[in-house]
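Dear colleague,

I am handing over the structure below, and after it you will find an account of what came out of the analysis. Please read the two side by side.

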Amino acid sequence: MKFKRLGDMLVATGVITNEQLENALKKQKETKNRLGKELIEEEIITEEQLIQTLKLQLGLDSIDLSKSPIPSALSELIPKKLAYNYSLIPVKLEGNLLYVAMSDPLNFMALEDVKAVSQKRIVPLIATEESIQRNIALLYGNESATKAIEDMKREMDEVSFDSVLTDSFTSNVIDSEDQSAPTVRLVNSLIEWAVSEHASDIHVEPHEKEVRVRMRIDGLLRHIMTVPKDLQASLISRLKIMAGMDITERRIPQDGRSNAKVKEAEIDLRMSTLPTIYGEKFVIRLLDKNTQLLDKTKIGIKDEDLEKYMQLIGQKNGGVVLIVGPTGSGKTSTLYTMIRELNTEESNLITLEDPVEYNISGINQVQINEKIGMTFSGGLRAILRQDPDIIAVGEIRDGETAEIAMRAAITGHLVLSTIHTNSAIATLDRLLDIGVAPYLISSALNGVVSQRLVRKICPYCREEYAPSEEELYSLGLSPNNEYSFYRGAGCPHCFNTGYRGRIGVFEILVLDKKIKNAISNGAKREELAEMIRKDENFVSLAENCKRLVLEGVTTVDEAKRITNVEDFDYEN
């Protein structure tokens, strides 16, 4: 059968133009991507548009994997590596027919390989690559961890405990199907599972009769699995070896780090232990080197805030820019995004961090070590003797560091830093509380970026509904107007929460002459707050949350979670 080419069909159906197709074909020669993937990566088409076009082109059915649970027994028909390499997954077996979901059903080599290994007739179905990859992780990840636990229990009596622990960590490539000791495979499968779920942390928690494993996904801990109590010692010891810790010391907390490669992702692992009454609790923080330096628009900055953001980091005469918010609000990601924007051959950019979260080529990164006297204030003084253009301070914790940063800004340096406060106005109060003189604040502070992270509605179970009067009131909206809101119904993709992924919400305050003069003259909090509210260019956190709700990105509950009802402006 001769198929009409994908590019021609996309043009014929009006999804793309001839010019877009020609440009994509040129770039395709460099990237070696298939055309569909190239168009998606360039954000010319969506995966849904690609699926609909492929259905027309090939006459195949598509499948929504969020509504189609996959029997665990099917994992035995197609090896995990084959599934990962070709981005496909078995979904149903009927007699000798094996239905396989594929992101690229035109990959005939994949079809032949699957047919050969499964000894079945293959019926291809079309699905999104993201849904396939997630279901691969669920289908094979759980299976790999469970099999590793069974092997651990069986082999604990057959091999010495020492040989299980010292099985060399010869490669940092994570593969839960390798032939290492079961303990190694269990740890590998947990890390791989966490990466596939975009988890930020893995918690291994000993209890009286079992060991619980949880992962922090979209800011909330989710129970993943339970490990038998008799395997606790070997599991914790294996993790300690990876982290370079002392496996014989169980009475005091320890810290360590490692790294891993999961598929194409380079992952930094920050590990720590904490002695509890039932043994050592182990926490692993996962940092993806490939995605930590996000584009400013992808972290959620847009419209008026994007203009103010560019204004703040583009200051040629120096000044301080503070990124503020509670713990876990994404301040570090925003700081690194700014650093990436400012990292050029012409500038000497030096960071002062505790700890250094990511290694970035082209800048000078300094690690704080208070045990030997390398503090933020001491390090900042040393940096000023290194002819810096831009200084990034991981966190301002005291008045001395704040004052040095302010004075450095006055002398022409651009200083970026974070501070733990809840809003732009609270940041001014905080600086005064820790002893920074008002004249220094007004002279040096250019702006404050206040932020939070809100959960996004799961795209797989997103549904429209008519909001209640109470919900409209909570966002400051009039019930006299008609609005459509969205929410997630709950599905396997989002652990039935209705949310999948997070995005930043910002309020960016650029200090103009009027506000600076008021600070210098000792204006009180209420006066400053009123001036900021009257600033036509200032868009509050609450207002940006409202926008995300109206755009269908997040829910009313998420907006209410990070703001107060009185923060919203009300329509008449």
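**What was found**

In the hairpin formed by strand 5 and strand 6, where 2 residues lie between the strands, Asp218 takes a positive phi near 55°. Please keep in mind throughout that this is a predicted model. The two strands of that hairpin, strand 5 and strand 6, pair in the antiparallel sense over 8 bridges, and Ile217 stands opposite Leu220 in strand 6.

**The sheet around the hairpin**

The hairpin belongs to a wider arrangement, an open sheet of 6 strands in the order 6-5-4-9-8-7, with antiparallel pairing. Strand 6 (220-228) and strand 7 (255-262) stand at the edges, and since each has a single partner strand, one side of each is left without a neighbour in the sheet. From one strand to the next, the twist averages 20°. Strand 7 and strand 8 (residues 265-276) run antiparallel and are joined by 8 bridges, with Arg257 standing opposite Arg270 in strand 8.

Two helices are in contact with these strands. Helix 9 (residues 182-196) packs on the sheet and touches strand 4 (201-206), strand 5 (210-217), strand 6, strand 7, strand 8 and strand 9 (279-288), its direction making about 25° with that of strand 5. Helix 10 (residues 232-243) lies across strand 4, strand 5, strand 6, strand 7, strand 8 and strand 9, and runs at about 45° to strand 9.

**The loop after helix 10**

Asp246 lies in the loop between helix 10 and strand 7. Is this residue, Asp246, exposed, partly exposed or buried? With a relative accessible area of 37%, Asp246 falls between the 20% limit for buried and the 50% limit for exposed, and is therefore partly exposed. Leaving aside residues up to four places away in sequence, Asp246 touches Lys240 and Gln254, while its C-alpha atom is separated by 9.9 Å from that of Gly256, which is 10 residues apart from it along the chain.

**Nonpolar cores**

In soluble globular proteins, nonpolar side chains tend to be buried together. Here the largest nonpolar core has 41 residues, and those with the most contacts inside it are Val320, Leu322, Val415, Leu431, Val436, Leu445 and Leu528. The largest share of this core, 6 residues, comes from helix 14 (residues 399-410). When residues up to four places away in sequence are not counted, Val436 touches Gly399, Ala402, Glu403, Met406, Leu431 and Ile441. A second, separate core of 37 residues includes Ile202, Val227, Ala260 and Phe282.

**A helix early in the chain**

Helix 2 (residues 18-31) has 14 residues, and the distance from its first C-alpha to its last is 20 Å, close to the 20 Å expected at 1.5 Å a residue. Helix 2 is followed by Lys32, whose phi is positive, near 65°.

**The chain as a whole**

There are 21 helices and 18 strands in the chain. Its radius of gyration is 27 Å, close to the 25 Å that the globule rule gives for 572 residues, so the chain is as compact as a globular protein of that length. Along its principal axes, the C-alpha trace spans about 80 × 65 × 50 Å. Buried residues make up 51% of the 572 residues, and among contacts between residues at least 6 apart in sequence, 64% join residues at least 24 apart.

With kind regards

Conventions
Residues are numbered from 1 along each chain as its sequence is written. This is a predicted model: local features need pLDDT of at least 70, side-chain atom pairs count only at pLDDT 80 or more; totals for chains, interfaces and linings use all residues. Side-chain values use heavy atoms; hydrogens and water are left out. A nonpolar core is a set of buried Ala, Val, Leu, Ile, Met, Phe, Trp, Tyr and Cys residues joined through side-chain atoms within 4.5 Å. Buried means under 20% relative accessible area, exposed over 50%, partly exposed in between (1.4 Å probe, protein chains only). Helices (H or I, at least four residues) and strands (E, at least two) are DSSP runs, numbered from the N terminus. Contact means heavy atoms within 4.5 Å. The expected span of a helix is 1.5 Å times one less than its number of residues. Two strands pair if DSSP finds at least two bridges between them. Axes are lines fitted to C-alpha atoms, for helices over the stretch in contact, and angles run from 0 to 180 degrees between N-to-C directions. The radius of gyration is taken over C-alpha atoms; the globule rule is 2.2 Å times the number of residues to the power 0.38.
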